[in-house]
Amino acid sequence: MLGFFLRLLPFWVREPLLIVIGSVIGLRLLHIAVLEKEWAPAGIGTVFLLLAAVSIHRVVRAVRARRGASAGAAEAGLPGQPQPVAARSAAPPVPPAAPAPPKEIHAGVQVFAAFAVFGVLAASVWLGPRLLPPEGEGDGTPRAAACPSEEDAKGEKTPDAYKKTHVVTGADLCEALNTPDLAGLLGTPEEIATTASGDNGTAALTGGKVARPVAEVRFDTYTVNVSVTYNKLSMDQYVKLMEFGNETDVRKSTVLDRTAVFFSQPTMAIEIDLGGGGTGGPVTDGPLARNLAVALDGKDRGGYCEVTVWSDAGTLPDDNALLDIAETVLPAIPERAA
């Protein structure tokens with residue numbers, strides 16, 4: 001279809017378009033080949049440049065033929081040219097029929113060709129960046145994991161506890177947590193996120209009436225988990241409950257003028273024996289995790305955001321890393337309504 005359309009165009013419109021298209025696309029593909037060090041774009045770009053070169057040769061040959069025809073017509077003697085006076089005794093020779101001068105291109109066609117060339121150039125500039133592969137692709141560099149989109153969450157039922165206006169979702173938490181600066185806050189700026197997730201869960205033993213969204217981002221060294229629990233538990237009550245748990249290294253603090261508390265507790269580890277035919281094993285204590293719980297508002301009217309960091313090797317970042325993460329995530333969480 002494209003070839004048929006090009007054949008319908010006049011010569012002086014079709015060939016300039018082919019020159020522009022072939023040159024722009026060919027140079028762009030060669031540029032991609034140099035950046036990405038791949039041979040396929042270079043070969044395709046060379047083909048486009050060869051097509052442009054063929055069109056240039058056709059235009060040059062047509063211009064030369066046109067100039068030659070004009071010169072031949074002048075030498076043969078066209079109407080209006082001065083003729084030499086012939087002798088009376090000899091009949092003047094009959095000049096051969098001069099070829100008709102080539103038709104000039106209509107002004108409307110020239111305007112159309114000019115607009116067409118301008119349109120092709122504008123389209124090439126607009127589409128040029130889109131011909132490049134996305135950043136990080138094609139050069140072997142892994143890309144950071146992205147949070148699930150709304151399309152991925154379609155079909156999943158959202159609990160009724162999330163119908164309140166001040167409640168955030170797991171996707172919101174994931175977007176607030178999974179920032180390019182997160183690895184730097186953990187002290188490992190060279191690492192990139194391997195997985196990122198968000199979940200619209202509910203607090204245990206509440207019958208699905210208390211929202212507890214969770215987001216988690218994993219790196220090679222550390223894993224960061226952020227959750228928000230929309231219950232009526234104040235931070236003072238939360239600290240008192242720690243007396244009955246296995247929390248250690250409890251330390252009160254303040255984050256963005258809100259009451260906060262640091263504490264450590266072990267993660268859970270499940271051992272699975274695949275050799276004896278069993279499906280699972282006992283639940284034991286895993287590596288130690290460092291936690292920071294922050295009240296959802298300055299008046300501590302109930303509910304808290306909890307930041308948890310751990311590693312498989314058992315190493316933990318400095319507490320300042322948890323403070324920085326909390327200060328990054330908390331602005332995305334609306335304060336608790338009165």
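The following legends describe close-up views of a predicted model of one protein chain.

**View 1. The chain as a whole combines nine helices with seven strands.** Of its 338 residues, 33% count as buried. Among the contacts in the chain with a separation of 6 or more, 62% are made by residues 24 or more positions apart. The remaining views show individual parts of this predicted model.

**View 2. Helix H6, residues 170-177, is shown with its buried residues and the elements that cover them.** The buried residues of H6 are Gly170, Leu173, Cys174, Ala176 and Leu177. These residues lie on the same side of H6, because they cover an arc of only 165° around the axis. A general property of helices is relevant here. An α-helix has 3.6 residues a turn, so residues three or four places apart point the same way. The cover over the buried residues of H6 includes two helices, H7 (182-185) and H9 (319-329). It also includes strand E1 (195-202), strand E2 (211-218) and strand E3 (223-229).

**View 3. Val214 is a buried residue of strand E2.** Its relative accessibility is 17%, and a residue counts as buried when this value is under 20%. Leaving aside residues up to four places away in sequence, Val214 touches Gly170 and Leu173, both of which belong to the buried residues of H6. Val214 also touches Ser197, Gly198, Asp199, Asn225, Val226 and Ser227. Ser197 and Val214 are 17 residues apart in sequence, while their C-alpha atoms are 8.3 Å apart in space.

**View 4. Tyr238, Phe263 and Tyr304 form one aromatic cluster.** The structure holds two aromatic pairs. In one of them, Tyr238 and Phe263 meet edge-to-face, with 6.0 Å from centre to centre and 80° between the planes. Tyr238 lies in helix H8 (residues 235-241) and Phe263 in strand E5, so this pair ties together parts that are 25 residues apart in sequence. Tyr238 and Tyr304 form a stacked pair, with 4.6 Å from centre to centre and 20° between the planes. This stacked pair links distant parts of the chain, since Tyr238 is in helix H8 and Tyr304 is in strand E7, 66 residues apart. Each member of the cluster is buried: Tyr238 has a relative accessibility of 12%, Phe263 has 1%, and Tyr304 has 10%.

**View 5. Asn231 occupies the loop between E3 and H8.** Although it is in a loop, Asn231 is buried, with a relative accessible area of 18%. Apart from residues up to four places away in sequence, Asn231 touches Val210, Gly302, Gly303, Tyr304 and Arg336. One of these, Tyr304, also belongs to the aromatic cluster of View 4.

**View 6. The largest pocket has a volume of about 510 Å³.** Its lining consists of 18 residues, and those nearest the centre of the pocket are Gln265, Pro266, Thr267, Asn291 and Thr308. Five strands each supply at least two residues of the lining: E2, E3, E5 (258-270), E6 (283-295) and E7 (304-310). By character, the lining residues divide into six nonpolar, seven polar and five charged. Such empty space can be found by a general method. Rolling a probe the size of a water molecule over the atoms shows where empty space is left.

Definitions and conventions. Residues numbered from 1 in each chain as written. Predicted model: local features only at pLDDT ≥ 70, side-chain atom pairs only at ≥ 80, totals over all residues. Heavy atoms only, no water. Buried < 20%, exposed > 50% of the residue type's maximum accessible area, 1.4 Å probe, protein only. Helix = DSSP H or I, 4+ residues; strand = E, 2+ residues; numbered from the N terminus. Arc of directions from axis to C-beta. Contact = heavy atoms within 4.5 Å. 1 Å grid on protein atoms, 1.4 Å probe; cavity = no way out; pocket = protein on both sides within 12 Å on 5 of 7 lines; lining within 4 Å. Points joined across faces, edges and corners; volume = space filled by probe spheres on them. Nonpolar A, V, L, I, M, F, W, Y, C, P; charged D, E, K, R; others polar. Phe/Tyr/Trp six-rings, centres within 6.5 Å; stacked < 30°, edge-to-face > 60°.
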